Each structure stands twice: as structure tokens, then as C-alpha cells.
Amino acid sequence: MEKQEIRTFGRRHGKKLSTRQNWLVENLLPNLKPTTGDILEIGFGAGEHVRDLARENPEKIIIGAEPFMNGVASLMSAITDEKTNRVLDEYTGIRIWADDVRDFLRDTDSKFEQIWVLHPDPWPKARHEKRRLLSADFLTTLSKYLADNGEIIIGTDHWEYFDWILEQIKDTNLVATIPDMAIIQTRYQHKNKAGTDSPRYLILKNQ
Ligand SMILES: C[S@@+](CC[C@H](N)C(=O)[O-])C[C@H]1O[C@@H](n2cnc3c(N)ncnc32)[C@H](O)[C@@H]1O
């Protein structure tokens, strides 16, 4: 029997979806189900950065994983034509896994050039620490899905979580560098619930 996984995300549903969003979830989402891809973004929120990735990498398949259905619906609204509901040309490389990324990873043989995790839920209370996604175990799992020279790119404005991730990395075969990169604008970046000066980024590679 498989080990029961601890839930790493909060709610799956927020406010009621619009009629168009409901239509997109029912009719288009099944067609965007991923199999394999080149770039993965885990926990894309409303999908701003998934869209950036698609525009920057028009020849690649970008897979976004997000169990929060309002976020999935926001991304779908943004990548489709309002009148025809067809995916806009610049976003045809996007695939969406509307659930826990760990379920997707079990069934794919993808080797990713990049795996992005921006503002993972920090679960700041000590009793919730086990819900943090970027544990040594999960980072080790992710490392197996990296292509040669592939990178896991992490960003968080929660500096305590950042330091915690650095500790977790010590129990993996990954090596970390702290890049000097421009701040990536996402919904959580703007909220800056942690109240810190800026996010911190990490790039992890297999040794
Ligand atoms: C704090 S939000 C950040 C969203 C977005 N990256 C941003 O910067 O705006 C973290 C997101 O990770 C998602 N998440 C948490 N655990 C996940 C998992 N196991 N698989 C996929 N997404 C997950 C949550 O649903 C949530 O939307």
C-alpha cells in the first residue's frame, strides 16, 4: 500500500466560477491534460508566470500544476479568446494539471529543463511544518525528473522557509546556487504576506 501523502495545499475551491470559466473547466481543461513536457511550474496560482514561460518559450510544452480551481480557471480565462474560447496562439504550448503535482509526476516520464516553484505555501505554524512541499524527500523526487543540466528554480518571500529549504537540500543530491535575478511578478509576490523586502531565489541542480 502506498504511503498516505500529507496535503501541501489549502483550499481547492474559492468563490463561484463565472459561466465562461465553468465552460472552460468542463470543456477545454480535459484537452489540456498533460502527458510529457519541457518545463513544469508547480503551484502556479493564477498562472501569470506560466503565461510568461509560454511566451518566452514558444516551441516548448509548459506544464502547470495547481489544485486550486479558481486559479486554474483564471489561467484558462487568460489564455483563451473571450469570444471563441479558443486557446490564443501564444499559449498553445500550455498544459494544465488541475490537481496535486505529485499525482502527475507518478505517471509521467518527462525530464524537465526547468521546474519552477514560486511562493510555495510557507505553512508558518510549527504544527503545519510537515505540510511544506519542498521537503528533502520531495526535492529528491523532483531531482529525478530533471533533464541533464536541468534546474529547479524556487522563489519565496518567506525567508524562514527559504532557510528551511536550504537545510532540506543538505539531505539531497542537489547543489544550490543563489542567483541574482529580477523579481518575478505573480499574485503572491504582490501580496507579500511575509512582509519581507523582496523574494529570495534558489537554483538547484543535480550534482
Ligand atoms: C502561496 S501560493 C503561490 C501561487 C503562485 N505561485 C504565485 O506566486 O502567485 C502556493 C500555491 O501552491 C499550490 N500547491 C500547494 N501544494 C501543491 C501541490 N502538491 N501540487 C500543486 N500545487 C500545489 C497551492 O494550491 C497554491 O495555489
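Two strands count as paired here if DSSP finds at least two bridges between them. In this predicted model, strand 5 (residues 146-156) and strand 7 (residues 200-206) are joined by five bridges and run antiparallel. One position in that pairing is G155, whose bridge partner in strand 7 is Y201. Helix 6 (residues 159-169) packs on the sheet and touches strand 5, strand 6 and strand 7. The direction of helix 6 makes about 15 degrees with that of strand 7.

The sheet as a whole is open and has seven strands, in the order 3-2-1-4-5-7-6, with mixed pairing. Its edges are strand 3 (94-97) and strand 6 (174-177), each of which pairs on one side only. From one strand to the next, the twist averages 20 degrees.

At the edge formed by strand 3, four bridges connect it to strand 2 (residues 62-65), and these two strands run parallel. Within this pair, I63 stands opposite R95 of strand 3. In a regular strand, side chains alternate between the two faces of the sheet. Strand 3 has I94 and I96 on one side and R95 and W97 on the other; all four are buried, so both faces of the strand are covered.

Helix 2 (residues 48-56) also has buried residues, namely E48, H49, V50, R51, L53 and A54. They pack against strand 1 (39-42), strand 2, strand 3 and strand 4 (112-118), and also against helix 3 (69-79) and helix 7.

The next topic is the nonpolar interior. In soluble globular proteins, nonpolar side chains tend to be buried together. The largest nonpolar core of this model has 44 residues, and L75, I94 and I115 have the most contacts inside it. I94 is one of the buried residues of strand 3. Apart from neighbours within four places in sequence, I115 is in contact with L40, I42, L142, Y145, L146 and I152.

The ligand remains. There are 23 residues around it, and those that come nearest are F9, G43, G45, T186 and Y188. Helix 4 (101-106) and helix 7 (187-191) are the elements that give two or more residues to this shell. Helix 7 supplies the largest share, three residues. By class, the shell around the ligand comprises eleven nonpolar, seven polar and five charged residues. Helix 7 is also among the elements against which the buried residues of helix 2 pack.

Methods: Residues are numbered from 1 along each chain as its sequence is written. This is a predicted model: local features need pLDDT of at least 70, side-chain atom pairs count only at pLDDT 80 or more; totals for chains, interfaces and linings use all residues. Axes are lines fitted to C-alpha atoms, for helices over the stretch in contact, and angles run from 0 to 180 degrees between N-to-C directions. Two residues are in contact if their C-beta atoms, placed from the backbone, lie within 7 Å. A nonpolar core is a set of buried Ala, Val, Leu, Ile, Met, Phe, Trp, Tyr and Cys residues joined through C-beta atoms within 7 Å. A residue is buried if 20 or more other C-beta atoms lie within 10 Å of its own, exposed if 12 or fewer, and partly exposed in between; C-beta atoms are placed from the backbone. A residue is near a molecule or strand if its C-beta atom, placed from the backbone, lies within 6 Å of it. Ala, Val, Leu, Ile, Met, Phe, Trp, Tyr, Cys and Pro count as nonpolar, Asp, Glu, Lys and Arg as charged, and the others, Gly among them, as polar.
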